[in-house]
Amino acid sequence: MTSRSVCEKMTMTTENPNQTVVSHFFLEGLRYTAKHPSLFFLLFLLIYSITVAGNLLILLTVGSDSHLSLPMYHFLGHLSFLDACLSTVTVPKVMAGLLTLDGKVISFEGCAVQLYCFHFLASTECFLYTVMAYDRYLAICQPLHYPVAMNRRMCAEMAGITWAIGATHAAIHTSLTFRLLYCGPCHIAYFFCDIPPVLKLACTDTTINELVMLASIGIVAAGCLILIVISYIFIVAAVLRIRTAQGRQRAFSTCTAHLTVVLLYYVPPVCIYLQPRSSEAGAGAPAVFYTIVTPMLNPFIYTLRNKEVKHALQRILCSSFRESTAGSPPP
């Protein structure tokens, strides 16, 4: 069965006999994977396993180690959970499409759910990075005010607000995208349901949708990035005023991991969402890096660049090893 014959079964007739609507979509998947699907399936399986295991391990470490009680580690736990979920939204469907042709088929409703979940998680992560930058600003620039401003209640409220705004932001884009009429074709030139490739299949004018997407996502992303940059301008100025080299190094070490993941998060989406009409918007490396690779790298970045997380992880692993050896029978 070819993709064309599969697509012919994905439409249904409306009340108007001369008009049909799409009931399913066909995800064309990633370019260059068709020649060696088994190899890429194993590669993505490895990436997905590392992503989920690494982020859950960070989440477990932050939640169980009493030394990681600062607000920045509370937000790190949220970030790890978001990354694990974000990878789960996209990678399993990519893997299914590498195994069978039917694995590339997704229902209209399933496409809407996937688009909503992706933008919900990605938007929440965007806002969370901004909150984490503000946390570092308070910790370094206003250390005496920090315990009061970033108490446990405030951390919970700020994290909850990021989730609520992300959910609202995703709901707006999902409703605007799927209120349009889709009467064919049904081939999505992408490896999951995202706004730019789905809009290209609409049978009605999408100018308003594209303007809203560019304005909303652009304003949100640019606004968050500007706030992060402003925070780090004050942070750098405060760090440079520290007299000892050890003090400056310690202050910078708490920021480098966050700054690295922010750069990894912001650069690839710019290549995607600022050119919604481009047929190559989702086929290149930026899309794969943004949706699949970055969630895998974040645990390594925070483990390698943050001594407290590294030491806490070592304590947990050593404790687990001692418990396993203590419970094993003697030879």
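**Exercise 1. Work out whether C85 in this predicted model is buried, partly exposed or exposed, and whether its sulfur is bonded to another cysteine.**

Step 1. Start with the surface. C85 has a relative accessibility of 23%. The buried class stops under 20% and the exposed class begins over 50%, so C85 counts as partly exposed.

Step 2. Now look for a partner. The closest cysteine sulfur belongs to C117, and it sits 9.1 Å from the sulfur of C85. That's too far for a bond.

**Exercise 2. Do the job again for C224: find its closest cysteine sulfur and decide on its class of exposure.**

Step 1. The closest cysteine sulfur to that of C224 is in C126, at 3.6 Å.

Step 2. Check that against the cut-off: a disulfide needs the sulfur atoms within 2.5 Å. The 3.6 Å between C224 and C126 is therefore too far for a bond.

Step 3. As for the surface, C224 has 6% relative accessibility, so it goes down as buried.

**Exercise 3. Find how many disulfides the whole structure has, then describe the one that C111 forms.**

Step 1. Searching the whole structure turns up two disulfides.

Step 2. C111 pairs with C193, and their sulfur atoms are 2.1 Å apart.

Step 3. Next, the handedness. The angle about the S-S bond is -125°, and this link between C111 and C193 is left-handed.

Step 4. Where are the two ends? C111 is in helix α4 (residues 108–141), while C193 is in the loop between β5 (187–188) and α7 (195–199), so the bond ties together parts 82 residues apart in sequence.

Step 5. Finally, exposure. C111 is buried at 0% relative accessible area, and C193 is buried at 0% as well.

**Exercise 4. Describe the disulfide of C183 and C203.**

Step 1. The sulfur atoms of C183 and C203 are 1.9 Å apart.

Step 2. Their S-S torsion is about -125°, so this disulfide is left-handed.

Step 3. The pair joins distant parts of the chain, 20 residues apart: C183 is in the loop between α6 (152–178) and β5, and C203 is in the loop between α7 and α8 (207–240).

Step 4. C183 is partly exposed, at 29% relative accessible area. C203, at 33%, counts as partly exposed too.

**Exercise 5. Check the length of helix α4 and say how enclosed it is.**

Step 1. At 1.5 Å a residue, the 34 residues of α4 should span 50 Å. The C-alpha atoms at its ends are 49 Å apart, which agrees.

Step 2. Of those 34 residues, 26 are buried, so the rest of the structure largely encloses α4.

Step 3. Pick one residue of this helix, D135. D135 is buried, with 0% relative accessible area. Its side chain makes a polar contact with the side chain of Y146, at 2.6 Å.

Step 4. Setting aside sequence neighbours within four places, D135 is in contact with P71, M72, F75, Y146 and M150.

**Exercise 6. Find the size of the largest nonpolar core, then see what surrounds I188.**

Step 1. The largest nonpolar core has 89 residues. Its largest share, 18 residues, comes from α4.

Step 2. I188 is among the residues with the most contacts inside this core, along with F25, F44, Y182 and F191.

Step 3. Leaving out neighbours within four places in sequence, the contacts of I188 include F25, L27 and V198. Both C111 and C193 are on that list too, and those are the two cysteines that form a disulfide.

Conventions: Residues are numbered from 1 along each chain as its sequence is written. This is a predicted model: local features need pLDDT of at least 70, side-chain atom pairs count only at pLDDT 80 or more; totals for chains, interfaces and linings use all residues. Side-chain values use heavy atoms; hydrogens and water are left out. Helices (H or I, at least four residues) and strands (E, at least two) are DSSP runs, numbered from the N terminus. Buried means under 20% relative accessible area, exposed over 50%, partly exposed in between (1.4 Å probe, protein chains only). A polar contact is a pair of N or O atoms within 3.5 Å; within protein, one must be able to donate a hydrogen and the other to accept it, and residues adjacent in sequence count only if both atoms are side-chain atoms. Contact means heavy atoms within 4.5 Å. A nonpolar core is a set of buried Ala, Val, Leu, Ile, Met, Phe, Trp, Tyr and Cys residues joined through side-chain atoms within 4.5 Å. The expected span of a helix is 1.5 Å times one less than its number of residues.
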